[in-house]
Amino acid sequence: MGAAARAPRTLSRTVPVSASASAASASAPAAPASPAPVPSAASTAPPTEAELLDFVRRAAADTELIASLPLDPEGRTWIRLDGPGGSEAWLIGWPPGTGTGWHDHADSIGAFVTAAGELAESSLAARLPTDGWQTLELTEGVDRERRLPAGRGRAFGRHHVHEVRNESAAVHAVSVHAYHPPLPRIRRYSRSGQTLRLEQVERPEDWQ
């Protein structure tokens, strides 16, 4: 999930997600359809990246759910959702100018979709060592940039290093995220040029 650049106001209530639309395409939200519940009970197999992406797309298209998130101009807000197959899911509001900073989600796979506004993602197309280092020198050509307007998102595998930002000067963004297994930790990094430095490791008690 990730902490805000400024202290967020946490809304840590669990709510079920009711999908009011079919799965959205990668470029635009789906048209509304008859309400149908999004599965939240644990299944026999853990959810895949594609299944997490389908879930966050459907949740992002649920206008009633998106409207239920209070927005705060001083910091990010979030509500925990019931994700599929025992996954951890969040609805997150992003005031203008806020972001996560560089981080990864350890051994969890994940997906997220922008539901309102637009987000930008910077990521590294490189697999980093999992433990036992403090500073790394990145090679040239590993940086990737994405613009994610409403209805667009992405899935990612384990140890995905990225930062997500709302670069708008005036418009809030809202997004839906899901991770499996539920986040055991988040590793936070600082970056100067091609130098990436591990700064902090957060545990679930730090954000729940």
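1. Cation over a ring. In this predicted model, R76 is placed over the face of W94, 4.5 Å from the centre of the ring. The indole residue also takes part in a polar interaction: the side chains of W94 and S175 are joined by a polar contact of 2.8 Å.

2. Surroundings of S175. This serine belongs to strand 13. Its relative accessibility is 0%, and S175 therefore counts as buried. Besides the link to W94, the side chain of S175 has a polar contact of 2.7 Å with the side chain of H177. When neighbours within four places in sequence are set aside, the residues in contact with S175 are W90, L91, I92, W94, V113, T114, A115 and L119. W94 thus appears both in this contact list and beneath the charged group of R76.

3. Aromatic pairing. Two quantities describe a pair of aromatic rings: the distance of the centres and the angle of the planes. Searching the whole structure yields one aromatic pair. The rings concerned are those of F156 and Y179; their centres are 6.4 Å apart and their planes lie at 50°, so the pair is classed as tilted. The angle falls between the limits of 30 degrees for stacked and 60 degrees for edge-to-face rings.

4. Position of the pair in the chain. F156 is located in strand 11, which covers residues 153-156, and Y179 in strand 13, which covers residues 173-180. The two are 23 residues apart, and the pair links distant parts of the chain. Both F156 and Y179 are buried. Strand 13 also holds S175, the buried serine discussed in point 2.

Terms used: Residues are numbered from 1 along each chain as its sequence is written. This is a predicted model: local features need pLDDT of at least 70, side-chain atom pairs count only at pLDDT 80 or more; totals for chains, interfaces and linings use all residues. Side-chain values use heavy atoms; hydrogens and water are left out. Rings of Phe, Tyr and Trp (its six-membered ring) pair if their centres lie within 6.5 Å; planes under 30 degrees apart count as stacked, over 60 as edge-to-face and the rest as tilted. Helices (H or I, at least four residues) and strands (E, at least two) are DSSP runs, numbered from the N terminus. Buried means under 20% relative accessible area, exposed over 50%, partly exposed in between (1.4 Å probe, protein chains only). A charge sits over a ring if NZ of Lys or CZ of Arg is within 6 Å of the ring centre and within 35 degrees of the ring normal. A polar contact is a pair of N or O atoms within 3.5 Å; within protein, one must be able to donate a hydrogen and the other to accept it, and residues adjacent in sequence count only if both atoms are side-chain atoms. Contact means heavy atoms within 4.5 Å.
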